[in-house]
Structure formats: C-alpha cells, structure tokens
Amino acid sequence: MRGTLVIIIVNENGVWNTMDRNQQGIHFMQEGKWEEAASIFMKAIEENPKDAVSYINFGNVLSAVGDNEKALKFFLKAIELDENAATAYYNAGNIYFENEQFDEAKKSFELAMRKGLESSDNFFMLGLVLLQLEQSKLALPYFQRSVELNGNDAEARFQFGLCLANEELLDEAIVQFQECIKLDPTHADSFYNLGVAYGFKEEEEKAMSMFEQALQVQPDHLLAGYGKKLIEKGRSDR
C-alpha cells in the first residue's frame, strides 16, 4: 500500500522482523480495539508526519467512535498531504453526508471518483446524495454502477429501484426490488414498492400480495397497510 509506514528491525544477520504500523492498527480496528488502534496510528503519524495513510486511518478510528468533527480534520489533513488520497475524499464525504452538508458531500464523492476510487460504496453514496439534492435522474447511473460492482448490496438495489420508479421505468424498477428481496427477504420497503409498481401496472393481485408480504415482515408498515386497504375498498365498491 502506497504511503504505509513500515518499521524494519534488523540484527547483525540482516532483517529480523517487519512491522507495519498501519496494518497493525487496522487489525486492532477489526477487533474493535479502538484505543489500541488509535495509539498505533498516532505513533505512525509521529514517526512519519507526512504519511497521508496514517491520518486516514486515525480519522477512521475517530469516526468509528463517533467523533466526526475531529475525524474530518484528519481526512482533510490527509488530502493536504496527498491530493490524490481518494479514500480521504470518500471518508470526508460520508461525514458531510451525516451532517446533511449535501453539496460538500457531493463534491467529496465526485473527487474520490476522479482520483480513481472505483468502489461500489462511493458510487452508492454519490447516488444517495444526489437523491437528497432531488436529482434522481442524475443519481441513476451511479446506483447502476454500484450494483454492477457489487450485486449483493441489497440497499443499493433498493435505491436503484426507487430511482427507476421515479423515472417511471417500472419494469426495470420491479427487477431491482425483486433482486433486493432475494438478498434481504425482510426488506419490507421493497415489498411495498413492488406493490405500488404492480398497482400502477394494474396488476391488482400481485400488488395485494406484495402489500401483504410487506405487512408480514413489518406489521406496522403504514404505507403497505394503506395500499392494502385501497385495494380492498376498490373491490368492495365494484
């Protein structure tokens, strides 16, 4: 990994042991040992203050424990040290998104993409922030790319489906909602939106079935309950 700090301990016979502080810190993070991880990354920064990766990793620890304000400073410092640090832009974008600073989040995710971050997560978040900015048509290709890179992401499938439905591409939306349910059979909102899509296509039996399945998964799903009542009322009025 470019920029990682490697400490090589040698003896008279040559290399005796190699310890990568960033890798060690990441290992601690994976185990949920946040204090140990923070300590390792801080040592890495102290020993090599121009290593952007260490700042990104330390920012990840701060973000994981809920200190987003400080985490953002470390991500921005990483960008200052390395303007091509794509993951720093992505991580900063996530914090901007959580803070509902959607314009800043959009810029960060776009920069991450331009700097070479071809990850399903970045495309997904870029699509999500465009939805928040009420630009669903622009969000479509990013959700599509996210799904192409990771077809097992149920939420990406769902959001892609919503975008397609908003653009009145109902058949394509139905495919995505169905794929979402295959991945997550408890995704009540996908069942509900399938019901809505089938309702628009005037496929009443399928719509009713989807609303009922949404309610089986989530009995208090108000919209699915309302959809079911509408169909029942329509039948009783005939």
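This passage describes the overall form of a predicted protein model and the setting of one histidine within the predicted structure.

The secondary structure of the protein consists of 13 helices and two strands. Its radius of gyration is 23 Å, well over the 18 Å given by the globule rule for 238 residues, so the protein is more spread out than a compact globule. Along the principal axes, the C-alpha atoms occupy a box of roughly 90 × 30 × 30 Å.

Of the 238 residues in the protein, 44% are buried. Among contacts with a separation of 6 or more, 41% join residues that lie 24 or more positions apart. The accessible surface of the protein amounts to about 13,300 Å², and carbon and sulfur atoms contribute 49% of this area. The charged side chains comprise 23 positive and 39 negative groups. The centres of these two sets are 2 Å apart.

At the level of individual residues, His187 was examined with respect to its position, burial and contacts. His187 is located in the loop that lies between helix H10 (170-183) and helix H11 (188-200). The relative accessible area of His187 is 10%, and this residue is therefore classed as buried, the cut-off being under 20%. When neighbours within four places in sequence are left aside, His187 is in contact with Glu155, Phe158 and Cys180. Of these partners, Cys180 falls within the residue range of helix H10 (170-183).

Conventions
Residues numbered from 1 in each chain as written. Predicted model: local features only at pLDDT ≥ 70, side-chain atom pairs only at ≥ 80, totals over all residues. Heavy atoms only, no water. Helix = DSSP H or I, 4+ residues; strand = E, 2+ residues; numbered from the N terminus. Rg over C-alpha atoms; globule rule 2.2 N^0.38 Å. Buried < 20%, exposed > 50% of the residue type's maximum accessible area, 1.4 Å probe, protein only. Contact = heavy atoms within 4.5 Å. Areas by Shrake-Rupley, 256 points an atom, 1.4 Å probe, with all protein chains shown as cover. Lys, Arg positive; Asp, Glu negative; His and termini not counted. Charge placed at Lys NZ, Arg CZ, Asp CG, Glu CD.
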